[in-house]
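Biologist: Could you take me through the aromatic rings in this one? I'd like a close look at how they pair up.

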Amino acid sequence: MTATTSRATEREAAEVRRPGFFRRLWDRWPVKLAVLIIVIAWLIPTIGLLVSSFREPNLVSTTGWWTANIFDSAEWTLANYEDVLTSEGFGNAFLNSIAVAVPATVIPITIAAFAAYAFSWMEFRGRQIMFVVVVGLLVVPLQMALIPILKLYSQGAMIGGVTVFPDLDLNGTYMAVWLAHTGFGLPLATYLLRNYIGQLPASTIESAQIDGADHFTIFRKLIVPLSVPALASFAIFQFLWVWNDFLVALVFLGGTRDVRVLTQALAELNGTRGEAWHLLTSGAFLTMVLPLTVFFALQRYFVRGLTAGSVKG
Amino acid sequence: MADDDPGRGTVTKERVDSDELGAGGTAGVAILRIIAAFAVPIISFVVLWLTFEFLRDAEANRLVLALVAIVVGVAGVFALYWGMDLVVNLLPARFRESVRPFVFVGPALVILTVFLVYPAVNTTVISFMDAQSQEFTGLDNYKFVFTDEGMLRSIRNTVGWIIVVPLFSVGIGLVFATLVDRLRRGEALAKSMIFLPMAISFVGASIVWRFIYSFRPEGFGEQIGLLNGIWMGLGGNPVAWLSEEPWNNLFLMVIMIWLQTGFAMVILSAAIKAVPDDILEAARIDGATEIQIFWRVIIPSIMSSIVVVTTTMVISVLKIFDIVWVMTNGQFGTEVIAERMVRWFFRNDHNGRGAAIAVILFLAIVPVMWVNVRRFRAEEAMR
């Protein structure tokens, strides 16, 4: 009974509102128009890429994508993706990107979370100074680290005849990239996670200690579950950073088809077949598929992660 | 993992009970700390080494390889900490809790030392040496940085990037955030469309824009680049945008602006929403126009956010590399500092020059970061 009346009044209200609806649409039209223009301007580059990646190769290279006819099925094809995935090796590169990006995300986060816990909740000498030094390393751009690490990987390091870092011949391996990304990502990860873990209520941790839990148990059973939002945000940031990285992969992974990641594959295709736009557009879109999926699926964490992580060196 | 023997836990307890708390504690603690600090990388290396050998040699299916890499990279690290924690439990009771923190921070410190501290020092040293880092050559490399034509152009261009990109990104981001704040509906959607390019790699974005700038000389067929399409629609002749000095630099900057505006917009939008409504109301009651409110109320109240966004962006622009590398390969007068660094060190095999450029880059970043951190801390303190 009440439901029907409320629905009736709602409908009535809607009818009364109707003329107002158009007025509201018209209301502030300059604002709406300006927003619309900016949004369209921002989307057009990606749309052009997407449209071209599905067009017939000869059409892509002879006519502008804006002339495409959506309803003419003869203009459209999936062959570009097939070519790029198989003969241009993007399928392999996709797997390599995953094999590089997942560990290069999880390793630094794990290491940073342990360190952040120690910096927040364990007592030891030099704690403050160590933390300040770790954060201070945010200033070091990764360009500062490229040459020595490359030498370290290919020659090892000796101090006074003692091998401190063995010659592992790491260049061109996943491990080389994982370790490098771990090093470059750690200062920011430690800093952000310490900020978060340090703010967790002390009473919770103390009561767990009174119950006899040791640090490792507290970390695993209390800290990690409580820090999921911070961990997720940073994980997304770091994952995308590694996924989209070109420089670190270029320097440490080498260009062989076995190991190269998507960004390398795309840059190489750009260098060798710079006018094969049907391949370049579909290849470029392939590199974006995963980040865009993450973006749409986990937008809240994504935004938080990227804004928190944007100082990265 | 050798240390994961579950039987050891019980052994530990017995041993602890019978443990004599002897003298010489501090020295013992120091030694144990050192051992703990070194045990970490050694154990980690053994474990990761084994898998790593597999990953390198196996001609296995890429999918299997990728899966193994992931499992080891993920589970291996956690197991490492667990094993080390168990090792610490074996220690005499009085040392245990003073060593344990180093199990937690040790790996981080070791990795930071190897991958950031040592390289930073080493790069500085290398910057005073020759191409192969064999002999010291004094300030030669720095002299090169400030005299070479390409280098000077790259410095000039980078300064241009630093001015133009933050200016437009922050400007457009601010305007958009203000506009979108007035929408009753669709705000989230509109914002996410601007933010979306943040998900795209620099290389991917470069392809997107190289397509837009694509150029065919007259008589070589229709223009497929959007910009030339529009340009000719307006009655112009086709232009090779990317080799048109010095404007090509601007066209490259547009890519960065496209990528970064979303970041500025999100931060500034949050700041705008934090401006108290009663202040805005008070201003309106006093008869201020919306434009006056924007300049006199909103801008001053979000100034610290604007500074943080700008400095953050300056830092990422200083390090811009991929866009230039992919778009023009540093030709046509589009060099930038970070691109020169990779060029000299990686392509031209001159470690000394590459290192010197890296040091210059570092020196340029420090003051900007300083401003950023101080602002950030001031903001944290206010909360």
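Modeller: Here's a walk through the ring pairs, with a word on burial along the way. This is a predicted model, where local features need pLDDT of at least 70, side-chain atom pairs count only at pLDDT 80 or more, and totals for chains, interfaces and linings use all residues. Residues are numbered from 1 along each chain as its sequence is written, chains are lettered from A in the order in which they are written, and side-chain values use heavy atoms, with hydrogens and water left out.

Over all chains, the structure holds 31 aromatic pairs (rings of Phe, Tyr and Trp, the last by its six-membered ring, with centres within 6.5 Å; planes under 30 degrees apart are stacked, over 60 edge-to-face, the rest tilted). One of them is A:Phe114 with A:Phe219, stacked at 4.1 Å centre to centre with 25° between the planes. That pair ties together distant parts of the chain: A:Phe114 sits in helix α5 (residues 90–121) of chain A and A:Phe219 in helix α10 (residues 215–226) of chain A, 105 residues apart (helices are DSSP runs of H or I, at least four residues, numbered from the N terminus). Both A:Phe114 and A:Phe219 are buried (under 20% relative accessible area; exposed is over 50%, partly exposed in between, with a 1.4 Å probe and protein chains only).

Over in chain B, B:Phe294 and B:Trp295 pair edge-to-face, 5.4 Å centre to centre and 80° between the planes. B:Phe294 is buried at 15% relative accessible area, while B:Trp295 is exposed at 55%.

Back to A:Phe114 and A:Phe219: ring pairs link them with A:Tyr117, A:Phe216, B:Tyr81 and B:Phe104 into a cluster.

Conventions. Helices (H or I, at least four residues) and strands (E, at least two) are DSSP runs, numbered from the N terminus.
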